[in-house]
Amino acid sequence: MPVVRMLRRVACWMLQSPACGCRAPVLPSRFLGTSPRQIPMDANFHSTSFLEADQQRVLITGGLGQLGVGLANLLRKRFGKDNVILSDIRKPPEHVFLSGPFIYSDILDYKNLREIVVNNRITWLFHYSALLSAVGEANVSLARAVNITGLHNVLDVAAEHGLRLFVPSTIGAFGPTSPRNPTPDLCIQRPRTIYGVSKVHAELMGEYYYYRYGLDFRCLRYPGIISADSQPGGGTTDYAVQIFHEAVKNGRFECNLKPDTRLPMMYIDDCLRATLEVMEAPAESLSMRTYNINAMSFTPAELAQEVLKHVPEFQVTYSVDPVRQAIADSWPMNFDDSNARKDWGWKHDIDLPELVTTMLNFHGSENRVAQAN
Ligand SMILES: NC(=O)C1=CN([C@@H]2O[C@H](COP(=O)(O)OP(=O)(O)OC[C@H]3O[C@@H](n4cnc5c(N)ncnc54)[C@H](O)[C@@H]3O)[C@@H](O)[C@H]2O)C=CC1
Ligand SMILES: CC(=O)[C@H](N)C(=O)O
């Protein structure tokens with residue numbers, strides 16, 4: 001076919017696709033390279049039997065942070081302990097090391113990543129490595145490398161080996177010019193942190209690889225995640241985890257955001273369940289490849305008020321961190337996740353009152369054990 005005619009046809013296909021619709025790759029596969037680094041896609045992926053295809057082999061990158069160990073626990077219940085490999089560049093604590101396969105993986109090392117995927121016959125990859133919003137501002141060049149170059153490596157490996165790839169995005173992918181109350185899936189995204197910029201880049205690159213190479217890319221924009229048995233990694237929403245620990249241990253908490261700073265939040269169990277649900281959703285149910293998910297929205301003052309119902313002597317003071325405050329003031333206050341609810345049946349379980357009782361019960365019993373020892 002003459003080049004001009006072929007280009008005209010390609011342009012037509014691209015224009016036909018709806019702005020957010022992602023039902024099928026836009027370009028017919030005969031026009032496409034098999035992978036961005038021109039390495040043939042893993043042939044075995046196409047010839048796996050039904051049983052094998054159902055038995056996923058999972059890799060989690062950046063798995064020793066706030067969310068990765070919980071995700072591994074959930075996925076190991078679903079796919080079996082030995083089929084879920086946690087990886088990170090840090091040394092795992094003993095209980096994590098003993099709980100299932102762990103491997104060193106630096107996502108900046110492309111060959112190492114490829115070796116792990118090949119040697120372990122990985123089929124699903126959850127890419128959790130990142131520098132979060134506050135630490136990212138403190139170390140922009142590292143955040144740029146980990147969050148952007150690392151993502152490129154992961155996308156290429158996933159495309160080459162036919163993996164299903166999950167990359168989390170965040171409320172931080174929006175900025176001061178986005179509608180903030182509520183923030184829909186599709187709107188202006190001009191974040192002003194390196195973290196946010198890298199996450200918008202991840203959303204767009206993942207969707208581009210979906211259209212261009214047929215990569216099965218799935219992405220959820222998480223709100224601030226609150227967990228009891230893991231520490232946050234240097235974000236703007238960290239206060240909502242630390243407050244519980246301090247309430248039980250000291251009866252007081254110094255908050256680094258203003259009392260009226262409203263942000264979307266979610267309990268970790270809901271977040272991880274959503275992650276597994278979107279990965280298991282039939283492709284035809286996904287009208288988009290990047291979805292907002294939400295559970296609740298509150299301010300530090302509202303959270304403190306709820307804690308006070310259980311810890312009557314609890315005192316909160318405010319010492320505002322200008323970097324975190326500026327970030328929070330540019331982020332969504334309420335998150336519109338109606339598309340996730342409509343397309344693949346997303347539904348959160350935990351609202352603010354249950355969140356507070358769950359967190360206080362965990363820290364209360366942990367404290368009692370510590371005092372008894
Ligand atoms: N925790 C939250 O509230 C939210 C998290 N997310 C996203 O979820 C994902 C997981 O978040 P968290 O567990 O909270 O993050 P975290 O900051 O607690 O953990 C990130 C992990 O990445 C690892 N890492 C850093 N450089 C690496 C490298 N070169 N190679 C491999 N690993 C490396 C770190 O050692 C760390 O264990 C991130 O992508 C984050 O952006 C999104 C929204 C909210
Ligand atoms: C909401 C996030 O992405 C993270 N917790 C952060 O505050 O940076």
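## Two ligands and a small sheet

An N or O atom in the side chain of Tyr195 sits 2.7 Å from an oxygen atom of ligand 2. That's a handy place to start in this predicted model, since Tyr195 is also listed among the closest residues to ligand 1.

Let's stay with ligand 2 for a moment. Which residues are around ligand 2? The list runs Leu132, Ser133, Thr170, Ile171, Tyr195, Gly224, Gly235, Thr236, Thr237 and Trp331. Sorted by class, that shell has 4 nonpolar and 6 polar residues, with no charged ones. Besides Tyr195, two side chains make polar contacts here: Ser133 puts an N or O atom 2.5 Å from an oxygen atom of ligand 2, and Thr237 has a polar side-chain atom 2.9 Å from a nitrogen atom of the ligand. On its own, ligand 2 would expose 250 Å², and the protein buries 93% of that.

Now for ligand 1. Its shell holds 26 residues, and the closest are Gln66, Asp88, Arg90, Asp106 and Tyr195. By class, you get 13 nonpolar, 9 polar and 4 charged residues around ligand 1. Strand 6 (169-170), helix 9 (194-213) and strand 8 each chip in with at least two residues of that shell. There are backbone contacts too: Gly65 has a backbone N or O atom 3.3 Å from an oxygen atom of ligand 1, a polar backbone atom of Gln66 is 2.8 Å from an oxygen atom of the ligand, and for Leu67 a backbone N or O atom lies 2.9 Å from a ligand oxygen. Taken alone, ligand 1 has 830 Å² of accessible area, and the protein covers 93% of it.

Here are the polar contacts side by side:

| Residue | Part of residue | Ligand atom | Distance |
|---|---|---|---|
| Gly65 | backbone | oxygen of ligand 1 | 3.3 Å |
| Gln66 | backbone | oxygen of ligand 1 | 2.8 Å |
| Leu67 | backbone | oxygen of ligand 1 | 2.9 Å |
| Ser133 | side chain | oxygen of ligand 2 | 2.5 Å |
| Tyr195 | side chain | oxygen of ligand 2 | 2.7 Å |
| Thr237 | side chain | nitrogen of ligand 2 | 2.9 Å |

Strand 8, which supplies residues to the ligand 1 shell, also belongs to an open sheet of 3 strands with the order 8-10-12 and mixed pairing. What are the edge strands? They're strand 8 (224-226) and strand 12 (296-298), each pairing on one side only. On average, neighbouring strands of this sheet are turned by 45 degrees against each other, direction ignored. Strand 8 runs parallel to strand 10 (residues 263-267), and the two pair over 3 bridges. Within that pair, Ile225 stands opposite Met266 of strand 10. Helix 11 (residues 268-280) packs on the sheet and touches both strand 8 and strand 10. The direction of helix 11 makes about 80 degrees with that of strand 10.

Finally, a couple of backbone oddities. Most residues other than glycine have a negative phi, and most peptide bonds are trans. Arg121 isn't a glycine, yet has a positive phi of about 50 degrees; you'll find Arg121 in the loop between helix 6 (110-119) and strand 4 (124-127). The other one is the peptide bond from Asn181 to Pro182, which is cis, with omega near 0 degrees. Pro182 is in the loop between strand 6 and helix 9, two elements that also supply residues around ligand 1.

Technical notes. Residues numbered from 1 in each chain as written. Chains lettered and ligands numbered in written order. Predicted model: local features only at pLDDT ≥ 70, side-chain atom pairs only at ≥ 80, totals over all residues. Heavy atoms only, no water. Pairing = 2+ DSSP bridges. Helix = DSSP H or I, 4+ residues; strand = E, 2+ residues; numbered from the N terminus. Axes fitted to C-alpha atoms, helices over the stretch in contact; angles between N-to-C directions. Contact = heavy atoms within 4.5 Å. Near = heavy atom within 4 Å. Polar contact = N/O pair within 3.5 Å; in protein donor to acceptor, adjacent residues only side chain to side chain. Areas by Shrake-Rupley, 256 points an atom, 1.4 Å probe, with all protein chains shown as cover. Nonpolar A, V, L, I, M, F, W, Y, C, P; charged D, E, K, R; others polar.
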